[in-house]
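Subject: The structure, and what turned up in it

Hi,

Here is the structure I promised to pass on. Have a look at it first, and my notes follow below.

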Amino acid sequence: MSAEIKVPTLGESVTTATVAKWLKQPGDAVNADDPVAELETDKVSVEVPAPQAGVLGPLLVPEGSEVEVGTVLSPVEAGSGAAPKPAAPAPVPAPAGVQAQPVASGPVARPATPPSDVVAQGAAAVAFPAARKIMAEQGVSAAQVGTGTGKDGRITKGDVQTFLSKPRVAQPAAAPRPPRQDDPREERVKMTRLRRTIARRLKDAQNTAALLTTFNEVDMSAVMQMRTEYKDLFIKKHNGVKLGFMSIFSRAVIAALQEFPAINAEIDGDDVIYREFVNLGIAVGGPNGLVVPVIRDADKMNFAQIEGAIAGFGKKAREGTLKIDELSGGTFSITNGGIYGSLMSTPIINAPQSAILGMHAIQDRPVAVNGQVVIRPMMYIALTYDHRIVDGKEAVSFLVRVKQNVEDPRRLLLQV
């Protein structure tokens, strides 16, 4: 009895993935739940397990192909023990006048057959079903969208959305770009799906939102003193959880978001969605790039719970084990370029969120305090926000409130 290995449900708003790597080959014996293939989505890598023990059949989709949820990747024949490797197919005689190509020995991955509802007309680009649906609704042709970012230039849903977000103005035909000659000292590496998606989404955010950044600086003296005084007691009280700056900034941000709800809101068409909760995204670096796992209902958590959640996400990011649902649903994000030495930056919002807070390196600097020049540990902070929904006064006031909450942590306890 055979079973089919299919592309699983990939999470919120994720409908396609790329077959990054086959972990097993035709004829290999597999156990139930053994990883068989690795898929790369817009957000994370996902391993696809075998549904039953048996022998892996032919690979129906080659590496590098873009697939949709539910696509059959390979059958698994029930049983145990490795089956003999399939023999190489006999060479097919070439038509007269055409030189026959040698056939490689060993198993051959069969290219996936395009779905019946994906049609190419002449030189027009081929589109995935989700992309074709949007093009039909918006009256857009494949020729207008052009070559897509999917496998073999196929148009994806994201390609259509990117095209629709651009102003409809006639552009003069650009001169053809001459082929680039690679220097022998260079190495050409194909961008991963995650990196391509990050690039596209950041550019979409710039094209769609009215982005503006406001800055301030924070005196970290009180926070550093509090951390030094209570760090040992905090670790003992909370079973090894360390008190860091991220939980302090998180609580400062949550308090400020409750005071300025537009910064925690989202634009949806002609509506604004206001929230009475905070799902806080914390940017962490992983082996495949920057990801933003989300602490859900962070407004209901204390310092130790937030620190524990951040530490857990950091470990998962390094191991590449973050789940898709842990990367979606954020309402506001914090990124800390200071851990890499950044002194100041303008972070880009994680759409459809309306703002993001950037933390930076702590440096001793001379500042004026009560008419005296003193040396204090200072940090620049930046708030990038969507000016379509957040007014400048709100943004500046929000950042001032974060500054006040961090410089005097007692405000968080007293809620003032």
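The lining of the largest cavity is evenly split by class, with 3 nonpolar, 3 polar and 3 charged residues. Please keep in mind throughout that this is a predicted model. The residues in that lining are Thr-15, Thr-16, Glu-66, Glu-68, Phe-128, Ala-130, Ala-131, Thr-156 and Lys-157. Two elements, strand β7 and helix α1 (129-138), each give at least two residues to the lining. The volume of this cavity is about 30 Å³, and the structure holds 1 cavity of 30 Å³ or more.

**The sheet that holds β7**

From the cavity you can step straight into a sheet, since β7 is one of its strands. It is an open sheet of 4 strands in the order β5-β4-β2-β7, with antiparallel pairing. At its edges stand β5 (45-49) and β7 (66-68); each has a single partner strand, so one side of each lacks a neighbour in the sheet. From one strand to the next, the twist averages 45°.

Strand β2 (residues 16-22) is a good place to look in more detail. It runs antiparallel to β7, and 3 bridges join the two. Among the bridge partners, Ala-17 is matched with Val-67 in β7, while Thr-16 is matched with Glu-68 in β7. Thr-16 and Glu-68 both appear in the cavity lining as well. With strand β4 (residues 35-40), β2 pairs in the antiparallel sense over 4 bridges; here Trp-22 has Ala-37 of β4 as its bridge partner.

Is β2 enclosed by the rest of the structure, or left open? Of its 7 residues, 5 are buried, so β2 is largely enclosed.

**The other sheet**

There is also an open sheet of 4 strands in the order β1-β8-β6-β3, again with antiparallel pairing. Here β1 (2-6) and β3 (29-30) are the edge strands, and because each has a single partner strand, one side of each has no neighbour in the sheet. β3 pairs with strand β6 (residues 54-56) through 2 bridges, in the antiparallel sense. If you want a spot to click on, Val-30 stands opposite Gly-54 in β6.

**Salt bridges**

As you know, side chains of opposite charge can pair when their charged atoms come close. How many salt bridges does a search of the whole structure find? The search gives 11, and three of them are described here.

- Glu-259 and Arg-401 form a salt bridge, with the closest N and O atoms 2.7 Å apart. This pair links distant parts of the chain: Glu-259 sits in helix α6 (residues 245-259) and Arg-401 in helix α8 (residues 392-407), 142 residues apart. Glu-259 is partly exposed, at a relative accessible area of 39%.
- Glu-319 and Lys-315 also form a salt bridge, and their closest N and O atoms are 2.8 Å apart. Both belong to helix α7 (residues 303-319); because they are 4 residues apart there, about one helical turn separates them. Glu-319 is partly exposed with a relative accessible area of 46%, and Lys-315 is partly exposed with 45%.
- Arg-410 and Asp-408 meet through their side chains in a salt bridge of 2.9 Å, N to O. Arg-410 has 59% relative accessibility, so it counts as exposed, whereas Asp-408 is partly exposed at 25%.

**The second largest pocket**

Arg-410 brings us to one more site, the second largest pocket. Which residues lie nearest the centre of this pocket? They are Phe-303, Pro-409, Arg-410, Leu-412 and Leu-413, out of 28 lining residues. The pocket holds about 750 Å³ of space. By class, its lining comprises 15 nonpolar, 5 polar and 8 charged residues. Helices α5 (221-237), α6, α7, α8 and α9 (410-414) each contribute at least two residues to the lining. You will recognise α6 and α8 from the Glu-259 and Arg-401 pair, and α7 from the pair of Glu-319 and Lys-315.

That is everything from my side for now. Happy to go through any of it with you over coffee.

Best wishes

Technical notes: Residues numbered from 1 in each chain as written. Predicted model: local features only at pLDDT ≥ 70, side-chain atom pairs only at ≥ 80, totals over all residues. Heavy atoms only, no water. Pairing = 2+ DSSP bridges. Axes fitted to C-alpha atoms, helices over the stretch in contact; angles between N-to-C directions. 1 Å grid on protein atoms, 1.4 Å probe; cavity = no way out; pocket = protein on both sides within 12 Å on 5 of 7 lines; lining within 4 Å. Points joined across faces, edges and corners; volume = space filled by probe spheres on them. Nonpolar A, V, L, I, M, F, W, Y, C, P; charged D, E, K, R; others polar. Salt bridge = Lys/Arg side-chain N within 4 Å of Asp/Glu carboxyl O. Buried < 20%, exposed > 50% of the residue type's maximum accessible area, 1.4 Å probe, protein only.
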